[in-house]
Amino acid sequence: MTMKNKYVIHSRISERKFRKLIRYFSVDLNATQIANLTRLSRQTINTYLTAIRRRIVAHCQQELAPFVGHIEVDESYFGARRVKGRRGRGAKGKTIVFGLLKRQGKVYTEIVPDCSAPTLQSIILGKTEVESIIHSDGWRGYNGLVDFGYKKHFRVHHGKNEFVRGNSHINGIESFWGYAKIRLVKFKGMSKSTFNLHLKECEFRFNNREQDLYKILLDMFRKEPLNLS
């Protein structure tokens, strides 16, 4: 018999149980911990967590307006440990993620196929206003932004051991990469098919770091109930 639950379409767990699940998810417990605390099967928990993360991905895409202000841009590599002798942008077998961070604000992440200028610049153009001040490292993929109307583009050259020059740095986005990588370690590896779900969850948690995630999620599912199909 289907139990009444205003947060989930055709839910097979009670609303009370679902609220518990959301509370444990909000404080970042893993699936095993949530299963033990709710006394639900691991399969059931995984089904709900996957649906929740898919909704988070959609939420991240819908709510983000173009950034304006001081914007830091950078790429990072996620995956297994690097092959000996290859690191940074030459590393193989890793997932490349590009990110933009508005200082004192939110972050946006996107999996990209490469770090070429056309790939990176198209995202910058789509996610920032041209009056923004762009901060990056010295990677050639960022060359030519002024040709698209950006009046200010400051760089730090990591290859020359330059990481801060006045107000020019990318410490904010690099701090986010550190947070995301530390958080994702607890999953002890994940398939490429689910990586984006976890990446966007990191983005969502970071962007709402000063908010009550439990209330945000319940409000989200109250307005548009979760669909497990």
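Biologist: How are helix 2 and helix 3 packed in this predicted model?

Modeller: Helix 2, spanning residues 31-38, packs against helix 3, residues 42-63, at an angle of about 120°. Their axes lie 9 Å apart.

Biologist: Why is helix 2 called oblique to helix 3?

Modeller: Roughly perpendicular ends at 115 degrees and roughly antiparallel begins over 145. The angle of about 120° falls in neither class, and therefore helix 2 counts as oblique to helix 3. In handedness, helix 2 passes helix 3 in a right-handed crossing.

Biologist: Which residues make this contact between helix 2 and helix 3?

Modeller: Helix 2 contributes Ala-31, Thr-32, Ile-34, Ala-35 and Thr-38, and helix 3 contributes Arg-42, Ile-45, Asn-46 and Leu-49. Sorted by class, the contact of helix 2 with helix 3 holds 5 nonpolar, 3 polar and 1 charged residues.

Biologist: What makes helix 5 oblique to helix 6?

Modeller: Helix 5 (residues 171-185) and helix 6 (residues 192-207) have axes 10 Å apart and pack at an angle of about 125°. Angles from 65 to 115 degrees are roughly perpendicular, and those over 145 are roughly antiparallel. An angle of about 125° meets neither condition, so helix 5 is oblique to helix 6. The crossing of these two helices is right-handed.

Biologist: Which residues of helix 5 and helix 6 form the contact?

Modeller: From helix 5 come Phe-176, Tyr-179, Ala-180, Arg-183 and Leu-184. From helix 6 come Phe-195, His-198, Glu-201, Cys-202, Glu-203, Arg-205 and Phe-206. By class, the contact of helix 5 with helix 6 comprises 7 nonpolar, 1 polar and 4 charged residues.

Biologist: Why does Cys-202 count as buried?

Modeller: Buried requires under 20% relative accessible area. Cys-202 has 0% relative accessibility and therefore counts as buried.

Biologist: What makes Cys-115 buried or exposed?

Modeller: The relative accessible area of Cys-115 is 9%. That value is under 20%, so Cys-115 is buried.

Biologist: How many disulfides does a search of the whole structure find?

Modeller: The search finds 0 disulfides, a disulfide being a pair of cysteine sulfur atoms within 2.5 Å.

Biologist: What pattern does the chain follow along the sequence?

Modeller: The chain has 7 helices and 7 strands, and its order is β-α-α-α-β-β-β-α-β-β-α-α-α-β. Of its 229 residues, 45% count as buried. Among contacts with a separation of 6 or more, 57% come from residues 24 or more positions apart.

Conventions. Residues are numbered from 1 along each chain as its sequence is written. This is a predicted model: local features need pLDDT of at least 70, side-chain atom pairs count only at pLDDT 80 or more; totals for chains, interfaces and linings use all residues. Side-chain values use heavy atoms; hydrogens and water are left out. Axes are lines fitted to C-alpha atoms, for helices over the stretch in contact, and angles run from 0 to 180 degrees between N-to-C directions. Helices (H or I, at least four residues) and strands (E, at least two) are DSSP runs, numbered from the N terminus. Angles under 35 degrees count as roughly parallel, over 145 as roughly antiparallel, 65 to 115 as roughly perpendicular and the rest as oblique. A crossing is left-handed if the near helix is turned anticlockwise from the far one by less than a right angle, and right-handed if clockwise. Contact means heavy atoms within 4.5 Å. Ala, Val, Leu, Ile, Met, Phe, Trp, Tyr, Cys and Pro count as nonpolar, Asp, Glu, Lys and Arg as charged, and the others, Gly among them, as polar. Buried means under 20% relative accessible area, exposed over 50%, partly exposed in between (1.4 Å probe, protein chains only).
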